Amino acid sequence: MSILVLADLHEGQLAGATAHVVAAAQAIGGDIDVLVAGEGVQAAAEAAAKLDGVSKVRVADNAVYAHQLAEPMGALLVELADGYTHVLASASTTGKNVLPRLAALKDVSQLSDVLAVDSADTFKRPIYAGNAIATVKSDDTLKVITVRTTGFDAVGTSGSATVEAVDVVVDNSQSSFVKEELAQSDRPELGGAKVVISGGRGMGNGENFKLLDGIADKLGAAIGASRAAVDAGFVPNDMQVGQTGKIVAPDLYIAVGISGAIQHLAGMKDSKVIVAINKDDEAPIFQVADYGLVGDLFEILPELESKL
Amino acid sequence: MKVLVAVKRVIDYNVKIRVKADHSDVDLTNVKMAMNPFCEIAVEEAVRLKEKGVATEVVAVTVGPKAAQEQLRTALALGADRAIHIETDERAESLAVAKLLAKVVEEEQPGMVILGKQAIDTDNNQTGQMLAALTGLPQGTFASEVAVDGDKVSVTREIDGGLQTIALTLPAIVTTDLRLNEPRYAKLPDIMKAKKKPLDVKTPADYGVEVPSKVSLLKVESPAERKGGVKVASVDELIDKLKNEAKVL
């Protein structure tokens, strides 16, 4: 078997997700190559070469791949996929944007959000917002898969893969990058944080999310939000945890003022320990929380911050 | 410009699902069905484009069983002008749906196709991208804003780190994210009028597309249940439990 992993980039650097996707590739077994595509991505390629289990890093460094737009990335993958049995990417917005194009152009199905590998052709994936887990078997000659990173522990970084340039350049006259507004934060990335503290509609407004800052600082936590809080305009969409937002599985998840809609639980119920703080003792979030604290979050949060 | 909008019949998002006792699938007997929420947003966006004078005609299309005509009638009540039902009782996966939609695109020549980014049953998030690849049209996925300007469309996309804006040549494929718009409710007179709007029924065979895929569903299980834990009485007790019992602090 021979597997190509599409590397995830964050502002040109290798994103943490890639180490999890390589782990999924190891669970399938076989030779693992990583494709790093973008503009000015040498550093990302070198970082990818250090991932354990990778034999070769293929680098497509060209302006046409800048911002990893779907059309040129799909065309590049189509050029490179021959000879591989599996092509994997993380179930990030980039992986989800690009991989279905490869699958369609190769006339194969795509498996989305794979969270466990049973064998080289049989996988587990969540359906119905994670309320059921499907075991699916693919008889396609090329398996195109996006990986839910929380299902696989990251590989180490003591590898030394070879790095080689890919000189495939494709045309793209259909789509162009205009701008990006990325959240700037010193906090850990939501998807990879060991501790996540999230606020919901109960926070009342965006200003009150500052109450989470001090606790996040003390715990080294990332800050998330429920869809209700994002829809209400309290915080930007990139903070959303849930079925259609980020899927997280930290060691500790603290849900503050979040009622616990199915949609939100789908994004965090694999966390190791869940704490819920809510004034409504009937809130469904308490049915999944290891520790529940019923009370006024505006009193509890300052006290928690001072006592941590 | 003609806008084609694809809709899917799925389990109502409020329904708590049950896995069948034989683990062959999720049990959908006597379960309330509805239009996929992301598809409602797609229909709304298409209708708004028509109201703004950007779109001249809105055509709704679905692939699914006979009952999926209910969802097409909903789309017609919301403002679509006519509908196409590609009827099949087989489990149509993203690739087959994308192939069928590509044939409809070839026939109808729309200036834009709008789809939901994912269906809340299979959670695949693939069809729009596959359709774009098969038709050779550019894609703007996970859209939170769509602005047509001449022969281009600017799409603001919800991506992991924030928002990305791209410009696409038309015709283009757009998939909707949650915050693109808030869909309206159908009014009773519109529901009555929708019954008289044209609805064509086709089959996958009419388009020469094979529906079955090479992916088989072996088993469906409920996820490991998470047991509720304990309620603590104070912040001190919470910190104590997290330190000494859960050992996560």
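In which hand does H4(A) pass H4(B)? Right-handed is the answer for that crossing. By that I mean that the near helix is turned clockwise from the far one by less than a right angle; anticlockwise would be left-handed.

First, the ground rules. This is a predicted model, where local features need pLDDT of at least 70, side-chain atom pairs count only at pLDDT 80 or more, and totals for chains, interfaces and linings use all residues. Residues are numbered from 1 along each chain as its sequence is written, while chains are lettered from A and ligands numbered from 1 in the order in which they are written. Helices (H or I, at least four residues) and strands (E, at least two) are DSSP runs, numbered from the N terminus.

Now the interface. In total, 67 residues of chain A are in contact with 62 residues of chain B. Contact means C-beta atoms, placed from the backbone, within 7 Å. On the chain A side, 31 residues are nonpolar, 20 polar and 16 charged. Nonpolar covers Ala, Val, Leu, Ile, Met, Phe, Trp, Tyr, Cys and Pro; charged covers Asp, Glu, Lys and Arg; the others, Gly among them, are polar.

Back to the H4 pair. Helix H4 of chain A is residues 93-105, and helix H4 of chain B is residues 127-135. Their axes come within 8 Å and cross at roughly 50°. That makes the two helices oblique. Axes are lines fitted to C-alpha atoms, for helices over the stretch in contact, with angles from 0 to 180 degrees between N-to-C directions. Under 35 degrees is roughly parallel, over 145 roughly antiparallel, 65 to 115 roughly perpendicular, and the rest oblique. Who meets whom? From H4(A), the residues include A:Asn97, A:Pro100 and A:Arg101; from H4(B), they include B:Gln129 and B:Met130. The contact divides into 8 nonpolar, 2 polar and 1 charged.

Next, a second helix pair. Helix H8 of chain A (297-307) and helix H6 of chain B (235-245) have axes that come within 10 Å and cross at roughly 50°. H8(A) and H6(B) are therefore oblique to each other. Their crossing is right-handed. A:Ile300, A:Glu303, A:Leu304 and A:Lys307 face B:Val235, B:Asp236 and B:Ile239 in this contact. Here the split is 4 nonpolar, no polar and 3 charged.

Strands cross the interface too. Strand E10 of chain A (132-138) pairs with strand E12 of chain B (215-221), antiparallel, over 6 bridges. Pairing needs at least two DSSP bridges between strands. A:Ala134 has B:Val220 as its bridge partner. The open sheet has 4 strands, in the order E8(A)-E9(A)-E10(A)-E12(B), with antiparallel pairing. E8(A) and E12(B) are the edge strands, each pairing on one side only. E8(A) joins E9(A) (122-127) over 2 bridges, where A:Val117 partners A:Phe123.

Over to strand E6 of chain A, residues 86-90. Is E6(A) mostly covered or uncovered? Covered: 5 of its 5 residues are buried. Buried means 20 or more other C-beta atoms within 10 Å of the residue's own; 12 or fewer is exposed, and in between is partly exposed. A:His86, A:Leu88 and A:Ser90 point one way, A:Val87 and A:Ala89 the other. E6(A) pairs in parallel with E1(A) over 4 bridges, and with E11(A) over 5. A:Leu6 stands opposite A:Ala89, and A:Val87 partners A:Val144.

Last, chain B overall. Chain B has 6 helices and 13 strands. Of its 249 residues, 49% count as buried.

Note on methods:
Contact = placed C-beta atoms within 7 Å.
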